[in-house]
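I opened this model to look up where the ligand sits and how the chain is laid out around it. The entries follow in the order in which I checked things.

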Amino acid sequence: MTQKPVVFIDGEAGTTGLEIRERLAPLPVTLHSVDHAHRKDPAARKEAMQAADLVVLCLPDDASREAVEMAAELGDASPRILDASTAFRTAPGWVYGFPELEAGQAEAIAIAPCVANPGCYPTGAIALLRPLVEAGVMDAHYPVCINAISGYSGGGRSMIEAHERDGSPAFELYGLKLEHKHVPEIHQHAGLKRRPVFVPSVGHFARGMIVSIPLHLDDLNGNVSGEDLHNILEKRYAGQDHVRVLAAEPKLSAEALAGSDRMELRVHANTQNRQALLTARLDNLGKGASGAALQNIRLMLGLNAA
Ligand SMILES: NC(=O)C1=CN([C@@H]2O[C@H](COP(=O)(O)OP(=O)(O)OC[C@H]3O[C@@H](n4cnc5c(N)ncnc54)[C@H](OP(=O)(O)O)[C@@H]3O)[C@@H](O)[C@H]2O)C=CC1
Ligand SMILES: CC(=O)N[C@@H](CCC(=O)OP(=O)(O)O)C(=O)O
(Lines give C-alpha, C1' and ligand atoms only; values in the text may rest on other atoms or scores of the structure.)
(Ligands and ions follow the chains in the order given, each with its own letter.)
Protein backbone atom coordinates (compact mmCIF):
# COMPACT_ATOMS: atom_id res chain seq x y z
CA MET A 1 0.00 0.00 0.00
CA THR A 2 1.37 3.44 -0.88
CA GLN A 3 1.69 5.97 1.95
CA LYS A 4 -0.72 8.84 2.15
CA PRO A 5 0.86 12.24 1.42
CA VAL A 6 1.44 14.41 4.49
CA VAL A 7 -0.03 17.93 4.48
CA PHE A 8 0.77 20.67 7.00
CA ILE A 9 -1.49 23.74 7.06
CA ASP A 10 0.48 26.64 8.53
CA GLY A 11 -2.26 28.94 9.91
CA GLU A 12 -4.78 26.12 10.24
CA ALA A 13 -6.75 27.95 12.96
CA GLY A 14 -7.45 30.95 10.72
CA THR A 15 -10.48 31.51 8.49
CA THR A 16 -8.97 30.04 5.32
CA GLY A 17 -6.94 27.38 7.12
CA LEU A 18 -9.98 25.97 8.91
CA GLU A 19 -11.97 25.76 5.68
CA ILE A 20 -9.14 23.94 3.91
CA ARG A 21 -8.82 21.55 6.83
CA GLU A 22 -12.52 20.68 6.63
CA ARG A 23 -12.34 20.08 2.89
CA LEU A 24 -9.25 17.86 3.30
CA ALA A 25 -10.89 15.62 5.90
CA PRO A 26 -12.46 13.14 3.43
CA LEU A 27 -9.32 12.89 1.24
CA PRO A 28 -6.56 10.26 1.49
CA VAL A 29 -3.99 12.54 3.11
CA THR A 30 -2.41 12.64 6.55
CA LEU A 31 -2.78 16.02 8.23
CA HIS A 32 0.20 17.07 10.31
CA SER A 33 -0.60 19.76 12.90
CA VAL A 34 1.33 21.92 15.31
CA ASP A 35 -0.08 22.18 18.80
CA HIS A 36 -2.21 25.38 18.98
CA ALA A 37 -0.02 26.92 21.69
CA HIS A 38 3.03 26.58 19.38
CA ARG A 39 1.34 27.69 16.15
CA LYS A 40 3.63 30.73 15.84
CA ASP A 41 6.78 28.99 17.08
CA PRO A 42 9.26 28.91 14.18
CA ALA A 43 11.00 25.73 15.41
CA ALA A 44 7.73 23.79 15.70
CA ARG A 45 6.56 24.99 12.28
CA LYS A 46 9.89 24.11 10.66
CA GLU A 47 9.74 20.62 12.10
CA ALA A 48 6.20 20.22 10.73
CA MET A 49 7.38 21.44 7.32
CA GLN A 50 10.14 18.86 7.31
CA ALA A 51 7.60 16.08 7.90
CA ALA A 52 5.30 17.28 5.12
CA ASP A 53 5.06 16.59 1.38
CA LEU A 54 2.96 19.71 0.94
CA VAL A 55 2.72 22.82 3.13
CA VAL A 56 -0.36 25.02 2.71
CA LEU A 57 0.29 28.55 3.96
CA CYS A 58 -2.83 30.33 5.29
CA LEU A 59 -1.01 33.25 6.86
CA PRO A 60 -0.73 37.02 6.52
CA ASP A 61 1.69 38.04 3.73
CA ASP A 62 4.74 38.70 5.94
CA ALA A 63 4.32 35.44 7.81
CA SER A 64 4.04 33.65 4.44
CA ARG A 65 7.30 35.16 3.26
CA GLU A 66 8.99 34.01 6.48
CA ALA A 67 7.52 30.52 6.07
CA VAL A 68 8.84 30.25 2.51
CA GLU A 69 12.33 31.24 3.72
CA MET A 70 12.05 28.66 6.48
CA ALA A 71 11.08 25.94 3.99
CA ALA A 72 13.98 26.89 1.70
CA GLU A 73 16.41 26.39 4.62
CA LEU A 74 15.42 22.72 4.61
CA GLY A 75 17.25 22.25 1.32
CA ASP A 76 16.54 18.83 -0.19
CA ALA A 77 13.94 18.14 2.53
CA SER A 78 12.00 21.24 1.51
CA PRO A 79 8.30 20.47 0.91
CA ARG A 80 6.16 21.71 -1.97
CA ILE A 81 4.22 24.85 -1.08
CA LEU A 82 0.75 26.21 -1.79
CA ASP A 83 0.48 29.79 -0.51
CA ALA A 84 -2.96 31.36 0.06
CA SER A 85 -1.59 34.87 0.68
CA THR A 86 -0.94 37.73 -1.75
CA ALA A 87 2.84 37.49 -1.31
CA PHE A 88 3.82 35.40 -4.36
CA ARG A 89 1.00 35.76 -6.89
CA THR A 90 3.09 37.74 -9.33
CA ALA A 91 6.48 36.39 -8.23
CA PRO A 92 8.83 34.75 -10.73
CA GLY A 93 9.22 31.02 -10.20
CA TRP A 94 5.71 30.60 -8.75
CA VAL A 95 2.88 29.01 -10.69
CA TYR A 96 -0.46 30.82 -10.47
CA GLY A 97 -2.97 28.40 -8.99
CA PHE A 98 -5.89 29.06 -11.30
CA PRO A 99 -6.35 25.76 -13.17
CA GLU A 100 -8.88 27.30 -15.59
CA LEU A 101 -6.51 30.16 -16.56
CA GLU A 102 -5.44 28.64 -19.87
CA ALA A 103 -4.71 25.29 -21.50
CA GLY A 104 -1.85 23.59 -19.67
CA GLN A 105 -2.27 25.50 -16.37
CA ALA A 106 -3.65 22.52 -14.43
CA GLU A 107 -0.72 20.42 -15.66
CA ALA A 108 1.74 23.17 -14.64
CA ILE A 109 0.19 23.29 -11.13
CA ALA A 110 0.39 19.51 -10.84
CA ILE A 111 4.21 19.50 -11.07
CA ALA A 112 5.10 22.91 -9.60
CA PRO A 113 7.20 23.12 -6.41
CA CYS A 114 5.52 26.42 -5.44
CA VAL A 115 1.96 27.45 -6.26
CA ALA A 116 0.27 30.77 -5.39
CA ASN A 117 -3.45 30.45 -4.75
CA PRO A 118 -5.31 33.31 -6.47
CA GLY A 119 -6.95 36.17 -4.58
CA CYS A 120 -10.71 36.19 -4.17
CA TYR A 121 -11.39 39.34 -6.24
CA PRO A 122 -8.79 38.48 -8.91
CA THR A 123 -10.43 35.08 -9.42
CA GLY A 124 -13.59 36.80 -10.67
CA ALA A 125 -11.88 39.61 -12.56
CA ILE A 126 -9.31 37.45 -14.35
CA ALA A 127 -11.89 34.82 -15.28
CA LEU A 128 -13.96 37.51 -17.01
CA LEU A 129 -11.21 39.58 -18.61
CA ARG A 130 -8.50 37.22 -19.79
CA PRO A 131 -10.56 35.33 -22.39
CA LEU A 132 -11.71 38.63 -23.92
CA VAL A 133 -8.15 39.98 -24.11
CA GLU A 134 -6.87 36.73 -25.58
CA ALA A 135 -9.68 36.65 -28.15
CA GLY A 136 -8.61 40.16 -29.25
CA VAL A 137 -12.06 41.58 -28.47
CA MET A 138 -10.71 43.69 -25.60
CA ASP A 139 -7.58 45.69 -26.30
CA ALA A 140 -4.95 45.14 -23.60
CA HIS A 141 -4.99 48.95 -23.13
CA TYR A 142 -8.78 49.08 -22.53
CA PRO A 143 -9.53 51.35 -19.52
CA VAL A 144 -10.89 48.57 -17.30
CA CYS A 145 -12.84 49.49 -14.12
CA ILE A 146 -13.71 46.73 -11.68
CA ASN A 147 -16.29 47.04 -8.90
CA ALA A 148 -16.66 44.36 -6.29
CA ILE A 149 -18.42 43.49 -3.07
CA SER A 150 -17.27 40.87 -0.59
CA GLY A 151 -18.72 39.32 2.53
CA TYR A 152 -16.92 40.33 5.70
CA SER A 153 -15.15 36.96 6.10
CA GLY A 154 -12.87 38.29 3.31
CA GLY A 155 -11.13 40.36 5.95
CA GLY A 156 -10.19 37.32 8.05
CA ARG A 157 -10.61 36.85 11.79
CA SER A 158 -10.33 40.53 12.78
CA MET A 159 -13.01 41.71 10.33
CA ILE A 160 -15.29 38.80 11.24
CA GLU A 161 -15.03 39.74 14.91
CA ALA A 162 -15.67 43.42 14.15
CA HIS A 163 -18.79 42.63 12.08
CA GLU A 164 -20.12 40.16 14.58
CA ARG A 165 -19.92 42.79 17.31
CA ASP A 166 -22.38 45.72 16.98
CA GLY A 167 -21.66 48.70 14.82
CA SER A 168 -20.15 47.50 11.55
CA PRO A 169 -21.42 49.39 8.51
CA ALA A 170 -23.95 47.68 6.21
CA PHE A 171 -21.90 48.65 3.16
CA GLU A 172 -18.49 50.23 2.93
CA LEU A 173 -16.25 51.20 0.02
CA TYR A 174 -12.56 50.78 0.75
CA GLY A 175 -9.26 50.69 -1.13
CA LEU A 176 -9.99 54.29 -2.07
CA LYS A 177 -6.31 55.13 -2.56
CA LEU A 178 -6.70 52.93 -5.66
CA GLU A 179 -3.78 50.73 -4.71
CA HIS A 180 -5.46 47.59 -3.40
CA LYS A 181 -3.05 44.65 -3.04
CA HIS A 182 -4.95 42.67 -5.70
CA VAL A 183 -4.41 45.14 -8.55
CA PRO A 184 -0.96 43.86 -9.66
CA GLU A 185 -2.29 40.31 -9.76
CA ILE A 186 -5.33 41.27 -11.87
CA HIS A 187 -3.17 43.46 -14.12
CA GLN A 188 -0.69 40.66 -14.83
CA HIS A 189 -2.87 37.58 -15.06
CA ALA A 190 -5.74 39.19 -16.99
CA GLY A 191 -3.16 40.11 -19.67
CA LEU A 192 -3.84 43.86 -19.38
CA LYS A 193 -1.23 46.44 -20.34
CA ARG A 194 -3.01 49.33 -18.58
CA ARG A 195 -3.49 49.22 -14.80
CA PRO A 196 -7.18 48.63 -14.04
CA VAL A 197 -9.15 50.78 -11.58
CA PHE A 198 -10.38 48.53 -8.77
CA VAL A 199 -13.07 49.59 -6.29
CA PRO A 200 -13.73 46.94 -3.62
CA SER A 201 -16.43 47.08 -0.98
CA VAL A 202 -17.53 45.00 1.96
CA GLY A 203 -21.07 44.31 3.13
CA HIS A 204 -22.54 43.17 6.41
CA PHE A 205 -22.95 39.54 5.35
CA ALA A 206 -20.53 36.73 6.13
CA ARG A 207 -19.56 35.24 2.79
CA GLY A 208 -20.17 35.74 -0.90
CA MET A 209 -18.86 38.07 -3.58
CA ILE A 210 -19.75 39.75 -6.85
CA VAL A 211 -17.11 41.23 -9.15
CA SER A 212 -18.62 43.42 -11.89
CA ILE A 213 -16.99 45.10 -14.89
CA PRO A 214 -18.96 47.63 -16.99
CA LEU A 215 -18.06 47.86 -20.69
CA HIS A 216 -18.92 50.11 -23.63
CA LEU A 217 -19.36 47.66 -26.49
CA ASP A 218 -18.30 50.27 -29.06
CA ASP A 219 -14.91 50.52 -27.33
CA LEU A 220 -14.29 46.80 -27.86
CA ASN A 221 -12.95 45.39 -31.12
CA GLY A 222 -15.02 43.74 -33.86
CA ASN A 223 -18.44 45.36 -33.30
CA VAL A 224 -19.25 42.67 -30.72
CA SER A 225 -22.57 42.06 -29.00
CA GLY A 226 -23.24 40.83 -25.49
CA GLU A 227 -24.01 37.44 -27.00
CA ASP A 228 -20.54 37.34 -28.59
CA LEU A 229 -18.95 38.01 -25.19
CA HIS A 230 -21.08 35.29 -23.61
CA ASN A 231 -20.04 32.85 -26.35
CA ILE A 232 -16.33 33.59 -25.84
CA LEU A 233 -16.64 32.89 -22.11
CA GLU A 234 -18.84 29.84 -22.63
CA LYS A 235 -16.38 28.30 -25.07
CA ARG A 236 -13.46 29.08 -22.79
CA TYR A 237 -14.93 27.38 -19.71
CA ALA A 238 -16.74 24.49 -21.41
CA GLY A 239 -16.34 21.32 -19.35
CA GLN A 240 -14.95 23.10 -16.25
CA ASP A 241 -16.56 21.89 -13.01
CA HIS A 242 -15.90 25.02 -10.97
CA VAL A 243 -16.68 27.77 -13.49
CA ARG A 244 -20.10 28.10 -15.16
CA VAL A 245 -21.16 30.64 -17.77
CA LEU A 246 -24.85 31.37 -17.25
CA ALA A 247 -27.59 33.53 -18.73
CA ALA A 248 -28.06 37.12 -17.56
CA GLU A 249 -30.37 37.69 -14.58
CA PRO A 250 -32.39 40.79 -13.67
CA LYS A 251 -30.84 40.83 -10.17
CA LEU A 252 -27.90 39.10 -8.46
CA SER A 253 -27.51 38.44 -4.76
CA ALA A 254 -23.92 38.30 -3.54
CA GLU A 255 -24.66 35.55 -1.04
CA ALA A 256 -26.20 32.97 -3.38
CA LEU A 257 -23.02 30.86 -3.68
CA ALA A 258 -22.04 30.98 0.01
CA GLY A 259 -20.71 27.55 0.92
CA SER A 260 -20.10 26.55 -2.71
CA ASP A 261 -16.77 26.15 -4.55
CA ARG A 262 -18.26 27.21 -7.89
CA MET A 263 -18.09 30.54 -9.70
CA GLU A 264 -20.78 31.88 -12.03
CA LEU A 265 -19.95 34.22 -14.91
CA ARG A 266 -22.57 36.29 -16.75
CA VAL A 267 -22.78 38.93 -19.44
CA HIS A 268 -25.62 41.44 -18.97
CA ALA A 269 -26.01 43.53 -22.13
CA ASN A 270 -28.19 46.31 -23.46
CA THR A 271 -28.05 46.06 -27.26
CA GLN A 272 -29.68 49.41 -27.89
CA ASN A 273 -27.32 51.33 -25.62
CA ARG A 274 -24.28 49.25 -26.68
CA GLN A 275 -23.36 48.61 -23.04
CA ALA A 276 -22.55 45.46 -21.11
CA LEU A 277 -21.82 44.42 -17.56
CA LEU A 278 -19.69 41.34 -16.90
CA THR A 279 -20.28 39.68 -13.54
CA ALA A 280 -18.58 36.94 -11.57
CA ARG A 281 -20.32 35.56 -8.49
CA LEU A 282 -18.45 33.34 -6.06
CA ASP A 283 -17.89 32.64 -2.39
CA ASN A 284 -14.79 34.56 -1.25
CA LEU A 285 -13.96 31.58 1.00
CA GLY A 286 -14.93 28.99 -1.65
CA LYS A 287 -13.62 29.43 -5.20
CA GLY A 288 -12.08 32.66 -3.83
CA ALA A 289 -9.85 30.80 -1.34
CA SER A 290 -10.32 27.31 0.12
CA GLY A 291 -12.20 25.77 -2.82
CA ALA A 292 -9.44 26.91 -5.18
CA ALA A 293 -6.84 25.66 -2.69
CA LEU A 294 -8.46 22.24 -2.74
CA GLN A 295 -8.41 22.17 -6.56
CA ASN A 296 -4.67 22.92 -6.35
CA ILE A 297 -3.98 20.42 -3.55
CA ARG A 298 -5.73 17.68 -5.53
CA LEU A 299 -3.68 18.53 -8.62
CA MET A 300 -0.38 18.77 -6.70
CA LEU A 301 -0.92 15.47 -4.90
CA GLY A 302 -2.49 13.63 -7.84
CA LEU A 303 -5.76 13.11 -5.91
CA ASN A 304 -8.23 13.91 -8.63
CA ALA A 305 -9.65 10.42 -8.68
CA ALA A 306 -10.04 10.39 -4.86
N1 LIG B 1 -10.55 35.41 4.07
C2 LIG B 1 -10.59 35.35 2.74
O3 LIG B 1 -11.66 35.50 2.07
C4 LIG B 1 -9.36 35.07 1.98
C5 LIG B 1 -8.10 35.05 2.57
N6 LIG B 1 -6.99 34.76 1.81
C7 LIG B 1 -5.63 34.84 2.33
O8 LIG B 1 -5.39 33.80 3.24
C9 LIG B 1 -4.45 34.23 4.21
C10 LIG B 1 -5.06 33.98 5.58
O11 LIG B 1 -6.23 34.79 5.65
P12 LIG B 1 -7.40 34.49 6.67
O13 LIG B 1 -7.53 33.03 6.89
O14 LIG B 1 -8.56 35.25 6.16
O15 LIG B 1 -6.79 35.23 7.96
P16 LIG B 1 -7.04 34.93 9.50
O17 LIG B 1 -6.60 36.17 10.22
O18 LIG B 1 -8.40 34.44 9.73
O19 LIG B 1 -6.02 33.74 9.81
C20 LIG B 1 -4.62 33.86 9.77
C21 LIG B 1 -4.04 32.79 10.68
O22 LIG B 1 -2.61 32.88 10.66
C23 LIG B 1 -2.14 32.86 12.02
N24 LIG B 1 -0.86 33.54 12.06
C25 LIG B 1 -0.60 34.87 11.98
N26 LIG B 1 0.74 35.09 12.03
C27 LIG B 1 1.33 33.88 12.14
C28 LIG B 1 2.68 33.45 12.24
N29 LIG B 1 3.70 34.30 12.23
N30 LIG B 1 2.91 32.12 12.31
C31 LIG B 1 1.91 31.21 12.31
N32 LIG B 1 0.60 31.56 12.27
C33 LIG B 1 0.32 32.89 12.15
C34 LIG B 1 -3.22 33.57 12.78
O35 LIG B 1 -3.16 33.31 14.16
P36 LIG B 1 -3.79 34.39 15.21
O37 LIG B 1 -5.19 34.63 14.75
O38 LIG B 1 -3.70 33.71 16.48
O39 LIG B 1 -2.94 35.63 15.06
C40 LIG B 1 -4.47 32.97 12.13
O41 LIG B 1 -4.78 31.71 12.67
C42 LIG B 1 -4.18 35.72 3.97
O43 LIG B 1 -2.94 35.88 3.36
C44 LIG B 1 -5.33 36.14 3.06
O45 LIG B 1 -4.91 37.16 2.18
C46 LIG B 1 -7.14 34.40 0.51
C47 LIG B 1 -8.36 34.42 -0.12
C48 LIG B 1 -9.54 34.83 0.57
C1 LIG C 1 -13.26 42.23 2.59
C2 LIG C 1 -11.75 42.24 2.60
O3 LIG C 1 -11.12 42.93 3.38
N4 LIG C 1 -11.15 41.49 1.72
C5 LIG C 1 -9.72 41.39 1.61
C6 LIG C 1 -9.42 40.47 0.47
C7 LIG C 1 -9.38 39.07 0.90
C8 LIG C 1 -7.96 38.62 1.10
O9 LIG C 1 -7.15 39.12 1.84
O10 LIG C 1 -7.65 37.64 0.46
P11 LIG C 1 -6.76 37.34 -0.74
O12 LIG C 1 -5.79 38.43 -1.02
O13 LIG C 1 -5.91 36.26 -0.35
O14 LIG C 1 -7.72 37.09 -1.78
C15 LIG C 1 -9.05 42.70 1.26
O16 LIG C 1 -9.60 43.49 0.50
O17 LIG C 1 -7.88 42.86 1.65
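**Ligand site**

I began with ligand 1: domain 1 (6-118 + 289-301) and domain 2 (120-284) both contribute residues to its shell, so the ligand lies between them. I note that the model is a predicted one.

I then listed the shell, which holds 27 residues; Gly 14, Thr 16, Ser 85, Gly 156 and Ala 289 come nearest to ligand 1. Four elements give two or more residues each: helix H1 (15-24), helix H3 (61-72), helix H6 (156-164) and helix H9 (286-301). H1 gives the most to this shell, three residues. By residue class I read 13 polar, nine nonpolar and five charged residues around ligand 1.

**Domains**

I went back to the division into domain 1 (6-118 + 289-301) and domain 2 (120-284). I found their C-alpha centres 26 Å apart. The contact between them draws on 21 residues of domain 2 and 14 residues of domain 1. On the side of domain 1 that touches domain 2, H9 supplies the largest share, four residues. That side of domain 1 divides into six nonpolar, six polar and two charged residues. H9 thus appears twice in my notes, here and in the shell around ligand 1.

**Overall dimensions**

I counted nine helices and 13 strands in the protein. The C-alpha trace spans about 65 × 45 × 35 Å along its principal axes. I compared the radius of gyration, 20 Å, with the value near 19 Å for a compact globule of 306 residues, and the two agree.

**Seven-stranded sheet**

I traced an open sheet of seven strands with mixed pairing, in the order E8-E9-E7-E10-E13-E12-E11. Strand E8 (171-173) and strand E11 (243-246) are at the edges; each has a single partner strand, so one side of each is left without a neighbour in the sheet. Neighbouring strands are turned by 20 degrees against each other on average, direction ignored.

At the E8 edge I checked the pairing with strand E9 (residues 197-203), which is antiparallel over three bridges. Which residue in E9 is the bridge partner of Glu 172? I found Val 202.

Next I looked at the helices lying across these strands. Helix H5 (residues 120-134) lies across strand E7 (145-151), E9, strand E10 (209-216), E11, strand E12 (263-270) and strand E13 (275-282), and runs at about 35 degrees to E10. Helix H8 (residues 226-236) lies across E11, E12 and E13, at about 165 degrees to E12.

Technical notes. Residues numbered from 1 in each chain as written. Chains lettered and ligands numbered in written order. Predicted model: local features only at pLDDT ≥ 70, side-chain atom pairs only at ≥ 80, totals over all residues. Pairing = 2+ DSSP bridges. Axes fitted to C-alpha atoms, helices over the stretch in contact; angles between N-to-C directions. Contact = placed C-beta atoms within 7 Å. Near = placed C-beta within 6 Å. Nonpolar A, V, L, I, M, F, W, Y, C, P; charged D, E, K, R; others polar. Domains from an automatic or database assignment. Rg over C-alpha atoms; globule rule 2.2 N^0.38 Å.
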